[in-house]
Amino acid sequence: MVAHSRTPSRADHLRPLNAPQPITVVADHAMPIAVVINHHRHGVDAVQDMWIVQDEWWRQPINRQYFILLLDDGSRRTVFLDREDSAWYAQDY
Amino acid sequence: MSIVCLRVPGFALRIALLDQPHLDGHPLVLSNPRSGRAQVLDATPEALEKGIRPGMTVKEATALCPAAIVLMPDPVRETTIAQQIRDRLDRVSPLVEPDDQEQGCWYIDLNGLERYYGSYANAARRLIECIHPILRVRAGAASTKFTARVAAGIAGAGALHTVAADEEAVFLADAAISWLPLPPETIRELDRLGIPTLGALARLPGRKVAARFGPAGRRAWDLAHGRDDRPVVSPPRIQSVVEHLVMPSPVVSREMLVVGLRQMVTRAFSKPALKGRQARQVTLRAIIEGERRSWERTVTLNEPCGPERLARALDLRLHTIELNGPVESLTLELSGIVDESARQEAFPLMGPRATAPLTEAIHQLKQRYGLSPMYHVVEVEPWSRIPERRHALITYDP
């Protein structure tokens, strides 16, 4: 039997992977200096890379500044500053 | 001091002297027989004095020093001797850790044993006595593994160099930068930047070193300060089953080797330790006819295997292996032994017969929860600059 052509798409069953997770970042002039992970503050030893992603200005604009951070425990984290709402998020790139 | 580091520089060369002690004092060179251009892998101090360096070709080395004696690696003998030394050191201290980066290097924690042996120095001497004098072992004692290793590096053959806890910073400051566990190119870069010693590195700000060299650089900076909190961890004894097979005459035919291997696998799995069980890792050692040559390979299988699958896997691998000559004897060591378990079929390999029960299971889950709780990953916009747009989970509902 052929499915009805007006069957609504099942967008509710599509879950994006790697969605941004809110994170607390202490910044100085928009440069991260510490990150709070599991209630522990980790200092930023180095900013290894940074870049800007701007897209979809014609609908809901996306304007993010990504940073790859080397933390004082030796781990690496990728975070971004959403420049539309000035909030910080963690997200692997 | 409670940590002792024992080092046998040029371990592969020194163990050849156990059987040929008359070669001691001669310029010896270790070379790889399999490569087209035989290269110097290691050289004794006598050979280094003549200008021979690891990395040069054997032809160049013999031109520099015609009296140099070229030896081939004997990995089976190296493993056996290293294991024997580990067994002897275990009798002195329960905490013995072989260095996983350098063969012929062990760390021993003597904490709490000074009263048993009278003093740390006595205990360290007992450790040195565990190793044959011809191997020219060097010992270093300090409060951390790194400092003990550097101390062993400057100790004389058969001697112990002790670094007191309050002198470690001064001691490390003069040590060469090459002692750090960094890749050779990083060491060269540090040297080019005018940082030849650990003291010079320690004087730099830690953040700058981390920014330039990453986490490994930060770790090296800590080591240069004498900060090393790595404990001596004795690796667990791995249960293994070993089978030997001496060939009636040296064998060159692969078919004959396969027959021999199948026989060893059958024998191994009939032993009580392996009966009804499976093995995950196989080490195959072969003694090659001729002057002290051997060959060793370790294969880790994708999943634990019983005798039939193991024999098939070894059969397949044996076809891709090049042996250096006729095989005199074979040793098969099976480890990673686990109880027999069910095998998980890979999802995409499921045939129509396996799909039916899965569909039925999803149908039942949907009846119970109202929706299928199974998902699979699909590419949505893999080219997207927005990470969350690239992939998605979609309900698996066949």
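These are my notebook entries on chain A and the side of chain A that touches chain B, in a predicted model.

**Chain A by itself**

I began with the secondary structure of chain A and found 0 helices and 8 strands. Reading from the N terminus, I wrote the order down as β-β-β-β-β-β-β-β.

Next I looked up burial. Chain A has 93 residues, and buried ones make up 15% of them.

I then turned to contacts within chain A, keeping those with a separation of 6 or more. Residues 24 or more positions apart account for 34% of these.

**Where chain A meets chain B**

How many residues of each chain are in contact with the other? I noted 18 residues of chain A and 17 residues of chain B.

I wanted to know which strands of chain A supply this side. Strand E1 (14–16), strand E5 (40–55) and strand E6 (62–71) each give at least two residues. With 4 residues, E5(A) gives the most.

I also sorted this side of chain A by class, and my tally reads 10 nonpolar, 4 polar and 4 charged residues.

**A strand pair across the chains**

E1(A) deserved another look, as its pairing reaches into chain B: 3 bridges join it to strand E15 of chain B, residues 391–395. Are the two strands parallel or antiparallel? I have them down as antiparallel.

Last, I picked out one residue of this pairing. Leu14(A) has Ile394(B) as its bridge partner in E15(B). So ends the page, with E1(A) entered twice: as one of the strands supplying the side that touches chain B, and as the partner of E15(B).

Definitions and conventions:
Residues are numbered from 1 along each chain as its sequence is written. Chains are lettered from A and ligands numbered from 1 in the order in which they are written. This is a predicted model: local features need pLDDT of at least 70, side-chain atom pairs count only at pLDDT 80 or more; totals for chains, interfaces and linings use all residues. Two residues are in contact if their C-beta atoms, placed from the backbone, lie within 7 Å. Ala, Val, Leu, Ile, Met, Phe, Trp, Tyr, Cys and Pro count as nonpolar, Asp, Glu, Lys and Arg as charged, and the others, Gly among them, as polar. Two strands pair if DSSP finds at least two bridges between them. A residue is buried if 20 or more other C-beta atoms lie within 10 Å of its own, exposed if 12 or fewer, and partly exposed in between; C-beta atoms are placed from the backbone.
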